[in-house]
Amino acid sequence: MWPLDPPTVSARSSWETCTSGSRDTAGNGNLGTRLREAADAAEEAAAAFRAAAQSRTLHKLEGKNFRISEIPNKQVADIVYGSGMTKGAGRDIYDALMDAPEDELCPLCRHSDVSQLDHVMPKATYPALCVAPENLVPVCGICNHIKKDRAAADAEDVLLHPYFEHTGTVNWLDATLATSALDAGRLTYFVNPPPGWDSTLAARVRRQFDFLELGRRYSVKANQILRNIHHLLVQQLKAGGPPTVRAYLTDTATSHLVADPNGWAGVAYRTWAANDDFCQGCFW
């Protein structure tokens, strides 16, 4: 749900690079040549993928239209992506994609560090896209593990693609404080769509938020912060009362939210600052 600059390497160039080391042998039926000759198919597949991503219709793409003729899907993925990109001539492309996030945070969650490349459309069923740069997004291991080989079932199930769309220009992430004294200060995160969003976009963001378990993951982080600043809050309350506590929380929230209006940390500080009971000492 957070943006990344689109890759500059074309799908054709990536395919040609990643198949450059594929060899013909007596027993493989000129497999290397056939893979290299599939560059046109890979380029066409990438163009169809890009159009669908831009029109938010990735759920309509059918795997049968993204195969390489007469070569099994797994063999294509294993050779072109597995050997050609991650271990072969295409490794520089892989590394450039992994280095794209300036802060090294996953664009799907902004919670964990990037550690893997995710295939937006799974390489097992869309092999012609297996090294298409726009189909490869650097993500964290948590998001990639949850997503696995997921393909969207309908328009509301399409995950936002970081290269083509994002929600970072308006605030949509919110949180509430626990009302129980035992859980004082603890946050529950939720999606609060702004008025300008259409119903499909709102549903997509909510579904992605729930699917990637962002509410739970953000709450854990916020609770860790609360433990770390507890002593500071106590000292501020003693020194200047609730106004001093609120001023600290508000200033910290502003600093975070300028960088990211939907960052879980900024939302945490903003929610704490807005609560009178919290600023009066009900933070632990």
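**Exercise 1. Work out how many helices and strands the protein has, and in what order they come.**

Start with the tally: this predicted model holds ten helices and four strands. Next, walk along the chain from the N terminus, where the order of elements reads α-α-α-α-α-β-β-α-β-β-α-α-α-α. Two of the elements to keep in mind for later are α8, which covers residues 214–259, and α9, which covers 264–273.

**Exercise 2. Describe the overall dimensions, the surface and the contacts of the protein.**

Step one, the extents: the C-alpha trace spans about 80 × 35 × 30 Å along its principal axes. Step two, the surface: about 13,500 Å² is accessible, and carbon and sulfur atoms own 49% of that. Step three, burial: the protein has 284 residues, and 48% of them count as buried. Step four, contacts: take those between residues at least 6 apart in sequence, and 69% of them turn out to join residues at least 24 apart.

**Exercise 3. Is α9 mostly covered or mostly open, and what packs over its buried residues?**

First, count: nine of the ten residues in α9 are buried, so this helix is mostly covered. Then name them: the buried set is W264, A265, G266, V267, A268, Y269, T271, W272 and A273. Finally, look for the cover. The elements lying over these buried residues include the strands β3 (173–177) and β4 (187–191), along with α8 and α10.

**Exercise 4. Classify Q236 as buried or exposed, and list its contacts beyond the immediate sequence neighbours.**

Locate it first: Q236 sits in helix α8. Now the burial test. The relative accessibility of Q236 is 14%, and buried means under 20%, so Q236 counts as buried. For the contacts, skip the neighbours within four places in sequence; what remains for Q236 is G241, T244, V245 and Y248.

**Exercise 5. Take three salt bridges and say, for each, how far apart the closest N and O atoms are and how covered the partners are.**

A reminder before the step-by-step part: oppositely charged side chains can pair when their charged atoms come close. Across the whole structure, the search turns up 19 salt bridges.

- **K64 and E62.** The closest N and O atoms of this pair are 3.5 Å apart. K64 has 53% relative accessibility and so counts as exposed, while E62, at 42%, is partly exposed.
- **R110 and D260.** Here the closest N and O atoms are 3.7 Å apart. The two residues come from distant parts of the chain, 150 residues apart: R110 is in the loop between α5 (91–98) and β1 (116–119), and D260 is in the loop between α8 and α9. At 22% relative accessible area R110 is partly exposed, whereas D260 is buried at 9%.
- **R246 and D276.** The closest N and O atoms lie 2.7 Å apart. R246 belongs to helix α8 and D276 to helix α10 (residues 276–279), so this bridge ties together parts that are 30 residues apart in sequence. Both ends are partly exposed, R246 at 28% and D276 at 44%.

**Exercise 6. Which residues join R150 in a network of salt bridges?**

Follow the links and you get D154, E156, D157 and R207, all in one network with R150. Hang on to R150, since the next exercise brings it back.

**Exercise 7. Find the largest cavity and the largest pocket, give their volumes, and say what lines them.**

The idea behind the search: a probe the size of a water molecule, rolled over the atoms, shows where empty space is left.

Cavity first. With a threshold of 30 Å³ or more, the count is one cavity. The volume of the largest cavity is about 180 Å³. It has 16 lining residues, and those closest to its centre are L58, V120, K147, R150 and L159. Sorted by class, the cavity lining comprises eleven nonpolar, one polar and four charged residues.

Now the pocket. The largest pocket holds about 330 Å³ of space. Its lining also has 16 residues, with W2, P3, L4, D103 and R110 closest to the centre. By class, the pocket lining splits into nine nonpolar, two polar and five charged residues. As a last link back, R110 is the salt-bridge partner of D260 from Exercise 5.

Key:
Residues numbered from 1 in each chain as written. Predicted model: local features only at pLDDT ≥ 70, side-chain atom pairs only at ≥ 80, totals over all residues. Heavy atoms only, no water. 1 Å grid on protein atoms, 1.4 Å probe; cavity = no way out; pocket = protein on both sides within 12 Å on 5 of 7 lines; lining within 4 Å. Points joined across faces, edges and corners; volume = space filled by probe spheres on them. Nonpolar A, V, L, I, M, F, W, Y, C, P; charged D, E, K, R; others polar. Salt bridge = Lys/Arg side-chain N within 4 Å of Asp/Glu carboxyl O. Buried < 20%, exposed > 50% of the residue type's maximum accessible area, 1.4 Å probe, protein only. Contact = heavy atoms within 4.5 Å. Areas by Shrake-Rupley, 256 points an atom, 1.4 Å probe, with all protein chains shown as cover.
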